[in-house]
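The exercises below are to be worked with the sequence and the coordinates open. Each one gives a task and then a solution in steps.

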Amino acid sequence: MFRSVRVEKLPSVVRATAIFACAAAQITAFAQVSEDRNSGSSAVLEEIIVTAQKREERLIDVPLAVTAVSGEALRQRQIEDVADLAFVIPSLTYTPGINDLITSLRVRGIGTILFNQGLESSVSYVLDGVPLARQAQAFQDLIDIERVEVLPGPQGMLFGKNATAGVINVVTARPSDEFSYMGDVTVAELDEYRARASVAGPLASGISGRITGFINDVGGHISNVDDGRDLNGGLSYGIRTQFAFDPSDAVDLLLIGDYRNAERDCCQWQALQADNPLYASLLSPVVASPDNRWVNINADVFNDSEQWGLSLQGDITTDLGEITSITAYREWDLAANNDIESVPTEDPLFGLPVNFGAFDVNLSETSIQQFSQELRLASAGGGALNYVVGLYYLNLTADRAFTRRIGLCFPSP
């Protein structure tokens with residue numbers, strides 16, 4: 001069913017979005033709101049359920065500072081990826097770097113930029129109950145999301161030792177017992193094309209599924225004088241499948257598998273200021289300024305990543321509370337290179353504002369494999385005594401290699 005077509009005109013972008021949806025629950029809710037408005041009565045506010053205390057609770061009942069954004073709100077605001085979350089969550093700050101490894105998310109201004117992959121970020125990113133071992137794994141597209149929760153401040157009691165500054169908890173949309181589908185296409189200026197779709201519904205008695213796919217092709221907004229390349233754009237695509245099993249009223253199982261690939265000509269820096277006369281002459285015809293959108297380089301620029309994961313969550317309802325087991329495995333690979341001195345020469349240069357002589361071979365290759373197992377018992381909440389008891393195990397392997405060309409300048413006659 002064709003639901004809506006929306007065309008927005010902004011100062012720098014023209015965006016056409018077509019949304020297709022068919023969900024009985026959504027249509028019923030839309031009709032209820034319409035009746036309330038036509039009758040003049042007060043509108044019914046949407047009830048937001050969060051898992052900030054490792055149990056499903058109404059946001060209004062959680063005695064914590066939690067910012068929760070629903071998936072519908074993300075779609076309405078055209079939030080495409082994790083970097084865009086900072087536009088809708090005031091306490092969240094996104095700080096980009098020349099690749100994913102030195103890009104960071106901060107909560108209330110507190111966070112960690114991790115060049116050393118032996119260290120953990122102080123802001124934990126949790127995807128469908130699975131903490132990602134390194135924050136670099138989190139910089140991905142937000143497709144078919146149920147909600148995003150941001151918890152500021154130390155959260156080590158429930159989310160582990162790498163949550164001293166906060167937690168970003170992302171929950172994807174779950175399989176449905178009713179058939180539904182959704183899709184949208186975005187076309188914008190500067191060669192931006194995006195498409196995504198999902199289908200959910202019952203597969204058999206007690207079994208339901210959901211499949212989601214997306215593809216983004218975004219043109220670069222930085223131009224290279226040397227060879228005419230457009231930089232800082234790229235192609236990304238992925239798929240996620242979910243299967244929910246309900247063998248009994250007390251047992252629920254959820255199996256999730258996802259794959260994502262990103263091939264980006266990113267992220268090359270631009271000269272904003274050049275006080276060194278030699279460096280300013282080498283940049284020519286590029287002129288350093290705060291409005292500069294040009295570079296003059298000869299090296300390859302890329303920030304390519306590939307990621308996949310599997311998780312199995314089991315929930316058993318007992319008189320003592322809900323027993324939850326989450327078993328997960330994830331792999332993430334990154335290859336990144338950028339032109340350090342940002343001038344079109346293959347030989348290291350000296351006398352410039354960089355160390356060890358400038359160079360343009362700066363390849364970084366990183367591979368991460370993680371296996372995690374969580375087991376916990378959580379009371380239903382709302383009583384005089386509420387508790388969460390659990391165990392967590394993580395096995396992490398992180399490999400990183402550098403390929404660099406560095407020139408050293410020694411005094412000589």
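**Exercise 1. Long strand pairings**

Task: in this predicted model, find how strand β18 (residues 251-265) pairs with strand β20 (residues 302-317), then follow β20 to strand β21 (residues 322-337).

Solution.
Step 1. β18 and β20 run antiparallel and are paired over twelve bridges. To fix the register, take Asn 261: its bridge partner in β20 is Glu 306.
Step 2. β20 is also joined to β21, again in the antiparallel sense, by 16 bridges. Here the register can be read from Asp 315, whose bridge partner in β21 is Thr 324.
Step 3. Examine the turn. The hairpin of β20 and β21 has four residues between the strands, and Gly 321 takes a positive phi near 145° there.
Step 4. For background, strands of a sheet pair through backbone hydrogen bonds, in either a parallel or an antiparallel manner.

**Exercise 2. Two open sheets**

Task: give the strand order of the open sheet of three strands and of the open sheet of five strands, and state which strands stand at the edges of each.

Solution.
Step 1. The three-strand sheet has the order β16-β15-β19, with mixed pairing. Its edges are β16 (230-231) and β19 (294-295); each has a single partner strand, so one side of each has no neighbour in the sheet.
Step 2. Check one pairing in this sheet. Strand β15 (residues 222-224) pairs with β16 in the antiparallel sense over two bridges. Two bridges are enough, because two strands count as paired when DSSP finds at least two bridges between them. Ser 223 stands opposite Asp 230 in β16.
Step 3. The five-strand sheet reads β5-β10-β11-β8-β9, and its pairing is mixed as well. At its edges stand β5 (67-70) and β9 (130-131), each with a single partner strand, so one side of each is left without a neighbour in the sheet.
Step 4. Check the pairing at the β5 edge. β5 and strand β10 (residues 145-152) run antiparallel and are joined by four bridges. Ala 68 has Glu 149 in β10 as its bridge partner.

**Exercise 3. A salt-bridge network**

Task: among the twelve salt bridges of the structure, identify the network that contains Glu 374 and say whether its members are buried or exposed.

Solution.
Step 1. Start with Lys 54. Lys 54 forms a salt bridge with Glu 374, and their closest N and O atoms are 3.5 Å apart. Lys 54 lies in the loop between β3 (49-50) and β4 (57-58), whereas Glu 374 is in strand β22 (residues 362-378), so this pair ties together parts that are 320 residues apart in sequence.
Step 2. Add the second contact of Glu 374. Arg 376 forms a salt bridge with Glu 374, with the closest N and O atoms 2.8 Å apart.
Step 3. Join the two contacts: Lys 54, Glu 374 and Arg 376 are linked in a network of salt bridges.
Step 4. Classify the members. Lys 54 has a relative accessible area of 13% and Glu 374 one of 9%. Both are buried, because buried means under 20%. Arg 376 is buried too.
Step 5. Compare another pair. Arg 147 and Glu 146 meet in a salt bridge of 2.7 Å, N to O. Arg 147 is buried, with a relative accessible area of 6%, while Glu 146 is partly exposed at 34%.

**Exercise 4. Accessibility at selected sites**

Task: which residues form the negative surface patch, and are Asp 177, Leu 105 and Met 157 buried or exposed?

Solution.
Step 1. The patch consists of Glu 56, Asp 177, Glu 178, Asp 246, Asp 249, Asp 252 and Glu 322.
Step 2. Asp 177 is in the loop between β11 (166-172) and β12 (180-188). Asp 177 is exposed, with a relative accessible area of 60%.
Step 3. Leu 105, in strand β7 (residues 104-107), is buried with a relative accessible area of 0%. Leu 105 and Leu 92 are 13 residues apart in sequence, and their C-alpha atoms are 6.9 Å apart.
Step 4. Met 157 belongs to helix α3 (residues 156-159) and is exposed at 78% relative accessible area. Met 157 and Val 388 are separated by 231 residues in sequence and by 9.7 Å in space, C-alpha to C-alpha.

Terms used: Residues are numbered from 1 along each chain as its sequence is written. This is a predicted model: local features need pLDDT of at least 70, side-chain atom pairs count only at pLDDT 80 or more; totals for chains, interfaces and linings use all residues. Side-chain values use heavy atoms; hydrogens and water are left out. Patches are made of residues with over 30% relative accessible area and no salt bridge: like charges are joined within 9 Å, nonpolar side chains (Val, Leu, Ile, Met, Phe, Trp, Tyr) within 5 Å. Accessible areas come from the Shrake-Rupley method with a 1.4 Å probe; for residues, only the protein chains shown count as cover. A salt bridge is a side-chain nitrogen of Lys or Arg within 4 Å of a carboxyl oxygen of Asp or Glu. Lys and Arg count as positive and Asp and Glu as negative; His and the chain ends are not counted. The place of a charge is taken as NZ of Lys, CZ of Arg, CG of Asp or CD of Glu. Buried means under 20% relative accessible area, exposed over 50%, partly exposed in between (1.4 Å probe, protein chains only).
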